[in-house]
Amino acid sequence: MDFNLLTEKIEKHFEEGLPFVVYSLPNQKIVSALLQKNPELSTISELTDNGFVLAPFEYNDSAYFIPENDSEIVSAELSENTIELTPVPVAENASERKTYLEKVQKTIDNIKRRRATKIVISRPKDFPLSNFSLKQLLERLFGAYPLAFRYIWYHPQTGMWCGATPETLVRVETDSFKTMALAGTQSFCNSEKVSWGPKELDEQQMVTDSITNSLQRVTSVLKVSNPYTYRAGSLLHLRTDITGILKRGKATLTKIAAALHPTPAVCGSPQKFAKEFILQNEGYNREFYTGFLGPVNENGASASLMVNLRCMKIENNTARIFVGGGITIGSQPADEWQETQNKMQTMLQVLAPML
Ligand SMILES: C=C(O[C@@H]1C=C(C(=O)O)C=C[C@H]1O)C(=O)O
């Protein structure tokens, strides 16, 4: 199907108030959509049905789901012409900045008292939209970030969620799996040949160690690459690829997702303290930001679950963009603020003509 036709179908479906998800895997031109034929809100605890799962940050074995069985499945190929993006200036709000700096400082103080080695702190930022267009959102999102996992999820009861995430939680293909440790951020300034300081290298190693530990029980072979620089739009991250073979019988998709989520890339280490700290101190509900999402196929034997980063929720003509960063002992509050300002650009540049 032609992408324009797919867009029209999705727009019509949205106007009827029916749930849908449309997505494209990293580095792929195929855009797939599940158009649910009824307005029900399905939940799933065992990831053994075919469809698309959306799990919140506070995942306790239950996630939202668009089942393939109840949906029309359509796909289209994207054309070559990619969307050119330009930075969108954001006025600094002094009181938001102060609140965030204080939160980051409090986090650093807890890390200094050895309560944790890393905690990911985040914030939402709301942008009023003067002329929202789903058609434009689809064209810009899918055209702009070919290397990311791009998606728009809509359900009348969850609102519209949209993102372009660089981070894989886990990809499973029968017995083999792929995941990654992604941490450390700097702006992309025309070159991917950059150096990383000890703060970023340590933070990234921490994420790698935690992921490999979590996977020990369910894997029979585990391979870890060296860390390398990975570009995500206007940002650069440090990335390590972790691949391997799953233990037969022991590793269901549900078990792997529960073992990995939330990784220290979005929560912290130790996980229990970091999660409690986030819930008590962040001062807002992350909802699906830093949760996971993606298609589940072959009754869970094949799946691409992604971490929900560089995302936003669109509701009542307002886009709420979610941004955060990992805090460690070496973090500087002002730099962390700037990092969230930079991360905001990923979604803001998609929204540019609608602001
Ligand atoms: C928390 C976010 O990103 C995470 C934090 C990173 C960091 O602290 O350097 C890098 C990539 C992600 O794992 C976000 O984008 O909101």
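Biologist: What percentage of the 355 residues in the protein chain is buried?
Modeller: This model is predicted: local features need pLDDT of at least 70, side-chain atom pairs count only at pLDDT 80 or more, and totals for chains, interfaces and linings use all residues. Residues are numbered from 1 along each chain as its sequence is written. Buried means 20 or more other C-beta atoms (placed from the backbone) within 10 Å of the residue's own, exposed means 12 or fewer, and partly exposed is in between. By that count, the buried share of the protein chain is 44%.

Biologist: How many helices and strands does the protein chain have?
Modeller: Both are DSSP runs numbered from the N terminus: helices are H or I with at least four residues, strands are E with at least two. The C-alpha trace that carries them spans about 55 × 55 × 40 Å along its principal axes. The secondary structure comes to seven helices and 19 strands.

Biologist: In what order do the nine strands of the open sheet stand?
Modeller: Two strands pair if DSSP finds at least two bridges between them. Here the pairing is antiparallel. The order is 6-2-1-8-9-18-19-7-15.

Biologist: Which strands are the edge strands?
Modeller: An edge strand here pairs on one side only. Strand 15 has two bridges to strand 7, and the two run antiparallel. There I119 stands opposite G268 of strand 15. The edges are strand 6 (71-77) and strand 15 (268-269).

Biologist: How many bridges pair strand 11 with strand 14?
Modeller: Strand 14 covers residues 235-246, and its pairing with strand 11 is antiparallel. One residue to find is A183, which stands opposite L238 in strand 14. The number of bridges is 11.

Biologist: Which residue takes a positive phi in the hairpin of strand 10 and strand 11?
Modeller: Strand 10 (residues 168-173) runs antiparallel to strand 11, and three bridges join them. E173 has S176 in strand 11 as its bridge partner. Two residues lie between the strands. With phi near 45 degrees, the residue is T174.

Biologist: Which strands each supply at least two residues of the shell around the ligand?
Modeller: A residue joins the shell if its C-beta atom, placed from the backbone, lies within 6 Å of the molecule. There are 17 residues around the ligand, and T185, A265, G324, G325 and G326 come nearest. The strands are strand 7 (118-128), strand 11 (176-187) and strand 19 (318-327).

Biologist: Where is P262, which a cis peptide bond joins to H261?
Modeller: Omega of the H261 to P262 bond is about -10 degrees. P262 follows helix 5 (253-260), and its place is in the loop between that helix and strand 15.

Biologist: Which residue is joined to S269 by a cis peptide bond?
Modeller: Omega of this bond is about -5 degrees. The partner is found in the loop between strand 15 and helix 6 (271-281). The residue is P270.

Biologist: Is D61 buried or exposed?
Modeller: D61 lies in the loop between strand 4 (51-55) and strand 5 (63-67). Its phi is positive, near 70 degrees, though D61 is not a glycine. It has 12 other C-beta atoms within 10 Å, so D61 is exposed.

Biologist: How many other C-beta atoms lie within 10 Å in the case of R114?
Modeller: R114 sits in the loop between helix 2 (94-112) and strand 7. It too is not a glycine, yet its phi is positive, about 60 degrees. R114 is exposed because its count is 8.
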